[in-house]
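Biologist: I would like to learn how to read a sheet and the helices around it. Could we go through one example step by step?

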Amino acid sequence: MDDVDRILAQWHDARPDLDVTPMGLIGRLARLRKRLEQEHERVFAAHGLSAAGFDVLATLRRAGPPHALEVKALLASTMVTSGTMTNRLDRLEKAGLVERRPNPSDGRGFVVALTPLGHRTIDAAVTDHVANQHRLVATLDAGDRRALDALLGKWLAGFEREDGSDR
C-alpha cells in the first residue's frame with residue numbers, strides 16, 4: 001500500500017458515491033514525475049547543469065556535427081519562449097558550453113554551437129543520465145517497462161490528437 005492508496009481510502013470513506021480511480025492513477029503519475037525530476041536534477045547538477053541547460057546541450061548534441069543550430073530550431077525543440085531561450089543561452093555561453101556564431105546561411109542571424117567543453121560536458125552528463133534512468137526503472141522488469149511505455153504512449157497520443165500537436 002502506498003500513500004496514494006491511503007488517500008483513495010480516505011476519499012472512499014468521505015465520498016463513497018465518487019469513483020476516484022483516476023485520482024489514483026494521476027496522483028501516482030504526479031508523484032513519480034516529481035521524484036523523477038528530482039533524480040534527474042541531481043545528475044545534471046553533478047555536471048554543473050540545470051534541466052534547462054541539459055535540454056539545450058542535448059538538443060545540440062543530438063543534431064549531429066557540427067552540433068550547431070539556429071535559434072528557431074532550438075526553440076522548436078525545447079518549446080520555450082525566445083526570452084527564456086536567450087536567458088538559457090546567456091548562462092551556457094557564460095559557462096563556456098556554447099557559443100553564438102554568425103549564421104552562414106543568413107547573415108542577420110546566428111547559430112548556437114557546442115564548444116569543446118560543452119561537447120565533453122553533455123557527453124558525460126548524458127552518459128550518467130542514461131545510467132540513472134536505467135536505475136530509476138529497474139524495479140520494473142523488461143515486460144512491465146514495455147507494457148507501461150505502450151500504455152503511456154497510447155494515453156499521450158490521445159491528448160496529442162485532441163490538440164493537434166505532434167510533441
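Biologist: In which sense do strand 1 and strand 3 pair, and over how many bridges?

Modeller: This is a predicted model, so read every value as computed from it. Strand 1 pairs with strand 3, residues 106–114, in the antiparallel sense, and three bridges join them. To see single pairs, look for partners: Glu-70 has Val-111 in strand 3 as its bridge partner, and Leu-69 stands opposite Val-112 in strand 3.

Biologist: How many bridges join strand 2 to strand 3?

Modeller: Six bridges, and these two strands also run antiparallel. Val-112 of strand 3 appears again here, as the bridge partner of Arg-100. Strand 2 leads into strand 3 by a hairpin of two residues.

Biologist: What is the order of the strands in the whole sheet?

Modeller: The sheet is open, has three strands in the order 1-3-2, and its pairing is antiparallel. The edge strands are strand 1 (68–70) and strand 2 (98–103), each of which pairs on one side only. On average, neighbouring strands are turned by 35° against each other, direction ignored.

Biologist: Which strands does helix 3 touch?

Modeller: Helix 3, residues 51–62, packs on the sheet and touches strand 1, strand 2 and strand 3. The direction of helix 3 makes about 100° with that of strand 3. Helix 5, residues 82–94, packs on the sheet too, touching strand 2 and strand 3, and its direction makes about 115° with that of strand 2.

Biologist: How far apart should the ends of helix 3 be?

Modeller: Count 1.5 Å a residue: the 12 residues of helix 3 should span 16 Å. The end C-alpha atoms of helix 3 are 16 Å apart, so the expected span and the model agree.

Biologist: Which residues of helix 3 are buried?

Modeller: First the general idea: an α-helix has 3.6 residues a turn, so residues three or four places apart point the same way. In helix 3 the buried residues are Ala-52, Gly-53, Phe-54, Val-56, Leu-57, Ala-58, Thr-59 and Leu-60. Just after helix 3, Gly-64 has a positive phi of about 80°.

Biologist: Which residues does UniProt list for "domain: HTH marR-type"?

Modeller: The UniProt entry, which is unreviewed, lists residues 22–157 under that name. Over residues 22–157 the chain is 70% helix and 13% strand. The end C-alpha atoms of that stretch are 18 Å apart.

How values were computed:
Residues are numbered from 1 along each chain as its sequence is written. This is a predicted model: local features need pLDDT of at least 70, side-chain atom pairs count only at pLDDT 80 or more; totals for chains, interfaces and linings use all residues. Side-chain values use heavy atoms; hydrogens and water are left out. Two strands pair if DSSP finds at least two bridges between them. Helices (H or I, at least four residues) and strands (E, at least two) are DSSP runs, numbered from the N terminus. Axes are lines fitted to C-alpha atoms, for helices over the stretch in contact, and angles run from 0 to 180 degrees between N-to-C directions. Contact means heavy atoms within 4.5 Å. UniProt positions are given in the numbering used here, feature names are shortened, and annotations may be inferred rather than shown by experiment. The expected span of a helix is 1.5 Å times one less than its number of residues. Buried means under 20% relative accessible area, exposed over 50%, partly exposed in between (1.4 Å probe, protein chains only).
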